[in-house]
Amino acid sequence: MIRAVIVDVDDTLCLTQAASFALENEVLAEMGRPPMQREVHLSTWGEPLLDAMPRRSPGLDLAQFSALYQTALEGYIADGRLDLIPPENLRALDEFVMTGRSVFLLTSRTEDEVRHMLEPDHVLTERVSGIYHAGNTRFRKPDPRAFDELLAATDIPPGQCVYVGDSPGDALAAGGAGMHFVGCLQSGVRSPADFDSRYVDAFIDAFPDIVDAVKQLDQHSLPTSAG
């Protein structure tokens, strides 16, 4: 039985690529730099922000960008332009909690980038048992050790966990850790052909479909009757 559902944030729990592209270009404009191309942003999507930015904007002053980005990020969140979690996605999380499964988030974002999700009045507070990010994990996806802290804090074997994410790196990390993986294609950024099928149990077209996907994983893991 699947006991833990581990969820990626960007373009999985909420759609963020388009808003992030606009946000980062606003910061580049504030720095007097030319905008990045969407193709470059897409090709590096899923990587930690400060790892990706030197390719998105070669020669960028990362320290200056990081400071300006944090202010711009807070404005986007306050204005409801980023990290809005649709009600249907929250209902999917509620379904897992009501059926006795633990829900966690695991993202490559920094602590500053998820700080608002850690607030006690956030909509995730009563739904999520833990949020793992670059501030409280030692390794980043696609390294399977990205899950080390989460697994160490629970008594749940990897084979009873499923990770739902949107990138091939998410699948590699989950597969390497011995977890199930479900690919979420809702953003339209990627297709099944982008993934190594060895590490994918199923694909879903929209996040709420994860509820049925997990039920299917449960059925497939049940022992067959001796008849």
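# Notebook: a six-stranded sheet and its surroundings

I started with burial: 46% of the 227 residues in the protein chain are buried. Note to self: this is a predicted model.

**Overall build.** I counted nine helices and six strands in the protein chain. The radius of gyration is 18 Å and the globule rule gives 17 Å for 227 residues, so the chain is as compact as a globular protein of that length. I also looked up the span of the C-alpha trace, which is about 70 × 40 × 30 Å along its principal axes. For the surface I have about 10,700 Å² exposed, with carbon and sulfur atoms supplying 52% of it. Then I checked contacts with a separation of 6 or more: 64% of them are between residues 24 or more positions apart.

**The sheet.** In what order do the six strands of the open sheet run? I read E3-E2-E1-E4-E5-E6, with parallel pairing. The edges are strand E3 (130–132) and strand E6 (202–204), each of which pairs on one side only. From one strand to the next the twist averages 25°.

**Strand E1.** Next I went to E1, residues 4–7. Ala4 and Ile6 point one way, Val5 and Val7 the other, and all are buried. E1 runs parallel to strand E2 (residues 102–106), and four bridges join the two. On the other pairing I looked up, E1 and E4 are also parallel and joined by four bridges. Val5 was a handy residue to follow: its bridge partner in E2 is Val103, and its partner in E4 is Val162.

**From E4 to E5.** Following Val162 onward, I found it opposite His180 in E5. Strand E4 (residues 161–165) and strand E5 (residues 180–184) run parallel, joined by four bridges. Which helix lies across E4 and E5? That is H8 (residues 168–176), and I noted that H8 runs at about 170° to E5.

**Cysteines.** I checked for disulfides and the count came to zero. Why is Cys161 not bonded to Cys184? The closest cysteine sulfur to that of Cys161 is in Cys184, but it sits 19 Å away, so a bond is ruled out by distance. Cys184 is in no disulfide either; its nearest cysteine sulfur belongs to Cys14 and is 11 Å away. Are these two cysteines buried or exposed? Cys161 has a relative accessible area of 1%, so I put it down as buried. Cys184 comes out at 2%, so it is buried as well.

**Ala213 in H9.** Last stop was Ala213, which has its place in helix H9 (residues 210–221). Its relative accessibility is 10%; the cut-off for buried is under 20%, so Ala213 counts as buried. Which residues does Ala213 touch, leaving out those up to four places away in sequence? I wrote down Val182 and Ile204. Ile204 falls in edge strand E6 (202–204), and Val182 falls in E5 (residues 180–184). I also took the C-alpha to C-alpha distance from Ala213 to Leu28: they are 40 Å apart in space and 185 residues apart in sequence.

Methods. Residues numbered from 1 in each chain as written. Predicted model: local features only at pLDDT ≥ 70, side-chain atom pairs only at ≥ 80, totals over all residues. Heavy atoms only, no water. Pairing = 2+ DSSP bridges. Axes fitted to C-alpha atoms, helices over the stretch in contact; angles between N-to-C directions. Contact = heavy atoms within 4.5 Å. Rg over C-alpha atoms; globule rule 2.2 N^0.38 Å. Buried < 20%, exposed > 50% of the residue type's maximum accessible area, 1.4 Å probe, protein only. Areas by Shrake-Rupley, 256 points an atom, 1.4 Å probe, with all protein chains shown as cover. Disulfide = S-S within 2.5 Å.
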